[in-house]
Amino acid sequence: MSFVACSTPLGTGGIAVVRMSGKSSISVLKKITKSKRVPKHSVAKKYTAYDSRGDSFDNIVVTTFFAPKSYTGEDLVEISCHGNPVIVSKILELCCLYGCRIADPGEFTKTAFLNGKMDISEAESVSDIIHAKSIDGVKLGAKNLSGGLSKKVKDVKTSVVSCLAAIEFNLDISEEELQPNLIKNSLDVLGDLVLKTKSAVKTFKSSSIFVSGASVVISGPPNAGKSTLFNTLVGTNRAIVTEIPGTTRDVVEKEILVNTIPINLKDTAGIRLSKDPVESAGIERSKEELNTADLVLCLEEKPKKPKKNYLYIYNKSDLGPPSGDFDISISAKKEKNIQKLINMVSSTLLDTNSTSDIQITTTRQLNLMKDVLLSLQKARVHLSTDFSLELVAEELSRAVSFLDMLTEKTTKDDVLNVVFSSFCVGK
Ligand SMILES: Nc1nc2c(ncn2[C@@H]2O[C@H](COP(=O)(O)OP(=O)(O)OP(=O)(O)O)[C@@H](O)[C@H]2O)c(=O)[nH]1
Ligand SMILES: [Mg+2]
């Protein structure tokens, strides 16, 4: 059965686009437009839309794509109507009346995947392109959509397969007759692959930050200047600043770009023992935020055991120099050293050492890449310690199947559900 959805956000706008995919799409279009002609492939054409009583209600522009040369690989109709939710609802209602059903979230892309128009990693990158919170995240999605990730993963797979072939060729041969340099050559190849896979795993943090953004929490004792720093970084007087300790209660958030990195900056209540139930509730919220933060801007002295994702900041430097150990000294009020702080934030978040030509963006890809790494590491251990070629071959085959899962053309239903459930209806 054909399916239909509005592909643009619901609400009022200049135009809205309704998409329909499946065998009956063209006949449904003909009924709505009272047209007898078959439309041309990939050509936009003006029509009048009629309701079931025969009353015209909108002028629409329709682009039709015939199977298999469409996004979904099926007949696909894109109706651009005026962007009034009432018109959109009417068109959806008519499509359903004439034989369509409403699409599930991500069903257009899922259908494209099932029809072999893209592999699973390319389908995932469609979601990245739509949801990325920075232009770098969009660019990464676009690169992976045009096969960037798939190609690199296939290169890794080719190396693993040729290593596996050499090992299997030597499986039934006695130790003395093994191909010369088999162990050494295989160890070299595996060493390279382990490094490559390790750096791919490391890219997840920065890639996913570009796509989904990072949570950066400002914390510290009351009156330290957290809200002042928040306002300075955000560029507006968003949070209330007073000289009274315990001013901030609720978490105040704002999405901003820091050196092109999308971050969700959060100002929190100063942490102290308080008898005031409202302040205590705010302090509890501060603590919850600290547990899930990617980075904490802590307006406190560095403890003996500094935390990895904390930057320890000395504020109010305009009043005098710091006496303890801090990562940086600033004045939030006088805007001193703020650019230096911004640079520290971006380099800490992005971990500039993690560069790789394989850039993964989803936790599904991350877990598979970690499985590949583990199998390669185990293969390397067997090859260098117990020389068990059977076990090496087993681990390499496992690595190949994990690599396949990264870019598969056909995938199990449960994986499909995970991938496409994050999509919006109409994509
Ligand atoms: N001189 C100086 N004063 C500052 C600076 N930053 C903040 N202050 C002052 O310190 C006081 C407290 O600032 P806030 O930003 O409200 O402090 P806070 O950490 O958010 O406080 P709570 O919300 O109560 O936890 C205000 O009077 C600010 O004007 C600074 O860099 N220099
Ligand atoms: Mg405050």
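Me: What makes the space taken by ligand 1 a pocket, the largest one?

Reply: A pocket is an open set of points on a 1 Å grid over the protein atoms alone, with protein on both sides within 12 Å along at least five of seven lines. Ligand 1 counts as sitting in a pocket if more than half of its atoms lie within 2 Å of the pocket's grid points, and the space it takes is the largest pocket. This is a predicted model, where local features need pLDDT of at least 70 and side-chain atom pairs 80 or more, while totals for chains, interfaces and linings use all residues. Residues are numbered from 1 along each chain as its sequence is written, chains are lettered from A and ligands numbered from 1 in the order written, and side-chain values use heavy atoms, without hydrogens and water.

Me: How much space lies in the largest pocket, and which residues are closest to its centre?

Reply: About 420 Å³, where a volume is the space filled by probe spheres set on grid points joined across faces, edges and corners. Of its 25 lining residues (an atom within 4 Å of a point), Asn223, Gly225, Thr228, Val241 and Thr242 are closest to the centre.

Me: What makes a residue part of the shell around ligand 1?

Reply: One of its heavy atoms must lie within 4 Å of the ligand. By that rule 24 residues surround ligand 1, with Lys226, Thr228, Gly246, Thr247 and Thr248 the closest.

Me: Why do the ligand's oxygen atoms count as having polar contacts with the backbone?

Reply: A polar contact is a pair of N or O atoms within 3.5 Å. Ligand 1 has an oxygen atom 2.9 Å from a polar backbone atom of Asn223, one 3.1 Å from a backbone N or O atom of Ala224, and one 3.4 Å from a polar backbone atom of Gly270, so these pairs fit the rule. The protein covers 92% of the 650 Å² of accessible area that ligand 1 has on its own, by the Shrake-Rupley method with a 1.4 Å probe.

Me: What makes a space a cavity instead, and how many of 30 Å³ or more are there?

Reply: In a cavity a 1.4 Å probe fits but cannot get out. The count comes to 2 cavities of 30 Å³ or more. The largest cavity has a volume of about 40 Å³, and its lining includes Val216, Leu233, Ile263 and Val345.

Terms used:
A polar contact is a pair of N or O atoms within 3.5 Å; within protein, one must be able to donate a hydrogen and the other to accept it, and residues adjacent in sequence count only if both atoms are side-chain atoms.
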